[in-house]
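Please study the sequence and the model shown below before attempting the exercises. Each task is followed by a worked solution.

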Amino acid sequence: MARISYDGVWKRFPDGTEAVRDFSLDIHDGEFLVLVGPSGCGKSTVLRMTAGLEEISEGLIAIDNTITNDQGARERNIAMVFQSYALYPHMNVGENIGFPLKIAKLPKAEIQSRTWEAARVLQLTEYLHRKPRELSGGQRQRVAMGRAMVREPSAFLMDEPLSNLDAKLRVQMRAEIVDMHRRTGVTTLYVTHDQVEAMTMADRVAVMQQGVIQQVAPPQELYERPQNLFVATFIGSPTMNVARAPVESNNGTLSVELPDTANLRIPQEALHAYPRVAEYVGKEVAVGLRPEFFITGEDIPADRRIPEVKVKRLELLGSEALVYFETATIPVVTDDTLAGLEDVIEYESMIRDLEVGGQTFAAKIAPHDAPNPGDTFDIGFATERMHFFDIDSGDALR
């Protein structure tokens, strides 16, 4: 096992593009850290620099307290798993798994022993004599993982390893990779654009955007306490609803006025989480409302109610329903928030909303409470779960 450290790492390409900027991070010994962000944010470049496949423009990378800037990929005692599997089609499963040991000229008996153990851990023993073409996508990915495991590396580097699998296999493989990590305890850097993988697999998640780390935290902390608007809108599906709203004070009671939509009282729980909101009385803030904290029913308190919203679209998902409803609220748009939305389905809809004014909110509710498209109904929000950000900087108002 090993600790991986980055100290002020930059990557500049010959055309002047800065893919990674001042990247500093410590991955703890035995930790499973997921690097997540939208396409082009620099996460794969970080992984390739760690592996020795890409030169560093500036800064230091150390593995197990040894600076690796001038080391070749073979000197770093790391193993990579790619999304493409990269299996040798003419070799069977056992030969593919044991190939790194054969190259290292280990004794045949040791190669067989370590190959069998990796196959046992990954439930591949009955497939050892099959060729890759005879395997499913998930089985091929397990073979690729076995080939990495058998080397007994100091660290695993995984680059979008599940992106070629269907939805069911991805769920299965997520669990298998996490189980493998728990059994081996090997430090793992896992790169993905899929926030579900990040949230379900990681000990900690590092969110990147435009080559810069935005926040590093355990998954639940990212969700509950985003440091800025980019993280808030990137983590969560559907994405957080965000609107511009002035903060008002009435005899010391604070509220936010969503234009032509609702006046929502800011309860003490929200003020405790975001104490700087009190500094913004008379000013606009960015208010974040996660879809899962909307409420329905006949007795919604007035200071939580968004009245007479019109349903634009309904998606019934079995255990829950997604209701998309029209509001007159004003979107909060920055380069970061737009970049954070590029990979989600509401992106194009939000751009259209900017052009015509108003925006669509998404709410997750129980399916039996779901209205039909075109209906008008009252909906509420658990205001203690509101989030608040500075409109210009995007920083959380903590």
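The exercises below proceed from the whole protein to single residues.

The model is predicted: local features need pLDDT of at least 70, side-chain atom pairs count only at pLDDT 80 or more, and totals for chains, interfaces and linings use all residues. Residues are numbered from 1 along each chain as its sequence is written, and side-chain values use heavy atoms, with hydrogens and water left out.

**Exercise 1. Describe the protein as a whole.**

Solution. Begin with the secondary structure: the protein has 11 helices and 20 strands (DSSP runs, H or I of at least four residues for helices and E of at least two for strands, numbered from the N terminus). Next, take the extent: the C-alpha atoms fill a box of roughly 80 × 45 × 35 Å along the principal axes. Finally, consider burial: of the 398 residues, 52% are buried (under 20% relative accessible area, with a 1.4 Å probe and protein chains only).

**Exercise 2. Determine the strand order of the open sheet of five strands.**

Solution. The order is β15-β19-β16-β17-β18, with antiparallel pairing; two strands pair if DSSP finds at least two bridges between them. The edge strands are β15 (294-295) and β18 (359-365), each of which pairs on one side only. Within the sheet, β16 (residues 305-316) and β17 (residues 321-327) are joined by six bridges. One bridge links L316 to A321 in β17.

**Exercise 3. Explain why helix α1 is largely enclosed by the rest of the structure.**

Solution. Helix α1 spans residues 43-51, and seven of its nine residues are buried, so the rest of the structure largely encloses this helix. The buried residues are K43, T45, V46, L47, M49, T50 and A51. After α1 comes G52, which has a positive phi near 85 degrees.

**Exercise 4. Identify the surroundings of R76, which is buried yet has no salt bridge.**

Solution. First, locate the residue: R76 lies in the loop between β5 (66-67) and β6 (78-82). Second, examine charge: the nearest side chain of opposite charge, E75, is 6.9 Å away, whereas a salt bridge requires a side-chain nitrogen of Lys or Arg within 4 Å of a carboxyl oxygen of Asp or Glu. Third, look for a backbone partner: the R76 side chain reaches the backbone oxygen of T68 at 2.8 Å. Fourth, list contacts (heavy atoms within 4.5 Å): leaving aside neighbours within four places in sequence, R76 is in contact with residues including M49, T50, A51 and G52.

How values were computed: Buried < 20%, exposed > 50% of the residue type's maximum accessible area, 1.4 Å probe, protein only. Lys, Arg positive; Asp, Glu negative; His and termini not counted. Polar contact = N/O pair within 3.5 Å; in protein donor to acceptor, adjacent residues only side chain to side chain.
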